[in-house]
Amino acid sequence: MPISIYNYEKVKIPLILEITKNTTLKNLKDSYYLDNDWQHGPNTMIVFRNGSEEKYLLDELKDFVQEYTDRNPINKDFVRQRQELYREKQKTLVEVEYRDNVDADLLFEHGQVQVRPKKSGIYNSKKHRNIFDHYRIRLNGIYLEILEKFKDLSVKEKAHLFLYQFRFIATLYEEGPKNGHLTFLSHAQGFLSNIEVRGLNSNIKESFEKKRSELFTNNDIILRDDLKDIMLEWEANWTSIAEEMNENFRKENYDDSEEGVGLKPQLELLKREIAPLNNDFHSDLLSLDETGELEQFIHSKKMLIFRDIVNLFYLSLPLFEQSMAEKQFYAYSVVKYYEAYFNGEVLYTIK
């Protein structure tokens, strides 16, 4: 089972880097992956390849975290404020992320180290979850290398690093980025349209655009020199994963009568979610349902594989302290990037 380290500091990266370099984790390179989570308070999860490894590490990690928190004390009033914030967030996120059996009122204390179940959520099957875990373990090493550099980046340098990643992921779609970036358009447009439907902050698009224009000039993405080789290795990892997903694709891997959400129920959920959205992209997408083309498209090999690539990529973002709103900002920004890259000759633009 995974181990969660509850950490109410503003930034979790210093503890992550210390604990991976100064405990037995340093000898388990291909045996675990890291994830940041919100369940029962802000925490860093260590998810092991083998389900029994936590019993050998739990006491060591508890001792290390105790020593770390003694060296890095945190204001108790700040912790209480954060706990109240998480208590409210948790009630919403349990529903949004389809978490099962979560006590929305339970919060652990700063520095607590707990064995816990894996996160539940929308996987189509046990096989589907295992495939994701396999790739997350493979990517963990390169993400730790990036984190080592990330902690010293400026706000603008971090933004360029994220946009670089979103831009590259779009190229992994079978038909290339001209259509691949439309997945990000779907997410960003859906986010903006959902806010409009709910009558919430109506100027968020303007805020996104102002932030984008301040961070990115002339559609250039500039990486700091000491990141360039690492990001080439990151690209190679993702290219290899995309190739393997194509080679190993089996539609039956997405269906499991005992675990997960089947493809058909998931499609019905998608239709319910996009039905209220008032934008051309989702209206056109939903209109395909009348002829059966929607299911044919959504469940095609190229779309299922690219959906998995994007979702696997999204799972890495919390490790870099990226919130849901920030993820949508970069989805919006990569759409605008490709709109300019293709000189406006794209199927859809964000409205």
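1. A good place to start is the largest cavity, whose lining consists of Tyr33, Leu34, Asp35, Arg136, Leu139, Asn140, Tyr143, Leu312, Leu315, Ser316 and Leu319. A cavity here is a set of points on a 1 Å grid over the protein atoms alone where a 1.4 Å probe fits but cannot get out, and lining residues have an atom within 4 Å of a point.

2. Strand S2 (32-37) and helix H4 (126-150) are the elements giving two or more residues to this lining, and H4 gives the most, with four residues. Helices (H or I, at least four residues) and strands (E, at least two) are DSSP runs, numbered from the N terminus.

3. Please keep in mind that this is a predicted model, where local features need pLDDT of at least 70, side-chain atom pairs count only at pLDDT 80 or more, and totals for chains, interfaces and linings use all residues. Numbering runs from 1 along each chain as its sequence is written, and side-chain values use heavy atoms, leaving out hydrogens and water.

4. The largest cavity has a volume of about 110 Å³, a volume being the space filled by probe spheres set on the points, which are joined across faces, edges and corners. Its lining divides into seven nonpolar, two polar and two charged residues (Ala, Val, Leu, Ile, Met, Phe, Trp, Tyr, Cys and Pro are nonpolar, Asp, Glu, Lys and Arg charged, the others, Gly among them, polar).

5. In total, there are three cavities of 30 Å³ or more. The second largest, at about 40 Å³, is lined by Leu185, Gln189, Asn279, Asp280, Phe281, Tyr348, Thr349 and Lys351. Helix H6 (177-197) and helix H10 (280-287) each supply at least two of these residues.

Notes
On a 1 Å grid over the protein atoms alone, a cavity is a set of points where a 1.4 Å probe fits but cannot get out, and a pocket is an open set with protein on both sides within 12 Å along at least five of seven lines; lining residues have an atom within 4 Å of a point.
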